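The following exercises concern a single protein chain. Each one sets a task and then works through the solution in steps.

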Amino acid sequence: TRDAVGYWEKALSIYEALKDNKKAGEVHVRLGSRVGGILDTGTRYSHNVKAVALLEPEGESPQLAQGYVQLADGAVHGYGHGQRSTGVPLLEKGLALAERLGDAAGVIEAAGRLGHALVYHTGEIGRGLELYHKSCEEARKRGFLIALS
């Protein structure tokens, strides 16, 4: 809801005032997500750019992996100033990081979005479908409900 976005934005301003880059980056990831569809794609893309810039110096984390995936998804779909050519490598980076960290939810999301990008944007249908399958199988094993788009 709009109220939730307002609360996240207030939290962001507090973390920025405190110069807590890790927490600010995590809030940017949240604001950059597709959840709720409240913010326009350009705004979400900007949040993801900021998230990655703030989180990379902090080291590997599930939030950084999610930031890569969300930033890449925006690039693949031509949002913001993203270059479509950067999307697939960023998705691969996010997937590899989620796998290294053992972040099941991150692997599910990254594999699904990478599969989508490969099928619909690069024509790598076989590999894309393998990643879709991996995403669905990981979700099934953990009892997660997923919606791939």
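Where is the place of Thr86? Thr86 sits in helix α5, residues 84-101; helices are DSSP runs of H or I with at least four residues, strands are runs of E with at least two, and both are numbered from the N terminus. The model is predicted, so that local features need pLDDT of at least 70 and side-chain atom pairs count only at pLDDT 80 or more, while totals for chains, interfaces and linings use all residues. Residues are numbered from 1 along each chain as its sequence is written, and side-chain values use heavy atoms, with hydrogens and water left out.

**Exercise 1. Describe the fold content and the overall dimensions of the chain.**

Step 1. The chain contains 7 helices and 0 strands. Read along the sequence, the pattern is α-α-α-α-α-α-α.

Step 2. The radius of gyration of the chain is 15 Å, close to the 15 Å that the globule rule gives for 149 residues, so the chain is as compact as a globular protein of that length. This radius is taken over C-alpha atoms, and the globule rule is 2.2 Å times the number of residues to the power 0.38.

Step 3. The C-alpha trace spans about 45 × 30 × 30 Å along its principal axes.

**Exercise 2. Characterise burial, contacts, surface and charge for the chain.**

Step 1. Of the 149 residues, 42% are buried. Buried means under 20% relative accessible area, exposed means over 50%, and partly exposed lies in between, with a 1.4 Å probe and protein chains only.

Step 2. Among contacts (heavy atoms within 4.5 Å) with a separation of 6 or more, 47% are between residues 24 or more positions apart.

Step 3. The accessible surface comes to about 8,000 Å², and 54% of this belongs to carbon and sulfur atoms. Such areas come from the Shrake-Rupley method with a 1.4 Å probe; for residues, only the protein chains shown count as cover.

Step 4. There are 18 positive and 18 negative side chains, and the centres of the two sets lie 2 Å apart. Lys and Arg count as positive and Asp and Glu as negative, whereas His and the chain ends are not counted. The place of a charge is NZ of Lys, CZ of Arg, CG of Asp or CD of Glu.

**Exercise 3. Examine Thr86 and Gly87 in helix α5.**

Step 1. Thr86 is partly exposed, at 34% relative accessibility. Its C-alpha lies 9.7 Å from that of Asp73, at 13 residues apart in sequence.

Step 2. Gly87 also belongs to helix α5. Gly87 is buried, with a relative accessible area of 0%.

Step 3. Leaving aside neighbours within four places in sequence, Gly87 is in contact with Ala72, Ala75 and Val76. Gly87 and Val69 are 18 residues apart in sequence, with 8.4 Å between their C-alpha atoms.

**Exercise 4. Locate Leu18 and Lys19, and determine whether each is buried or exposed.**

Step 1. Leu18 is placed in the loop between α1 and α2, and Lys19 lies in the loop between α1 and α2 (21-31).

Step 2. Leu18 is exposed, with a relative accessible area of 60%. Lys19 is exposed, with a value of 68%.

Step 3. Lys19 has a positive phi of about 60 degrees although it is not a glycine. Leu18 and Val5 are 13 residues apart in sequence and 20 Å apart in space, C-alpha to C-alpha.

**Exercise 5. Analyse the polar contacts and surroundings of Ser61 and His116.**

Step 1. Ser61 occupies the loop between α3 (41-55) and α4 (62-76). Ser61 is buried, with a relative accessible area of 9%.

Step 2. A polar atom of the Ser61 side chain lies 3.0 Å from the backbone nitrogen of Leu64. Beyond neighbours within four places in sequence, Ser61 is in contact with Leu97 and Leu101.

Step 3. His116 is in helix α6, residues 104-122, and counts as buried at 12% relative accessibility.

Step 4. The side chains of His116 and Tyr132 are joined by a polar contact of 3.3 Å. A polar contact is a pair of N or O atoms within 3.5 Å; within protein, one must be able to donate a hydrogen and the other to accept it, and residues adjacent in sequence count only if both atoms are side-chain atoms.
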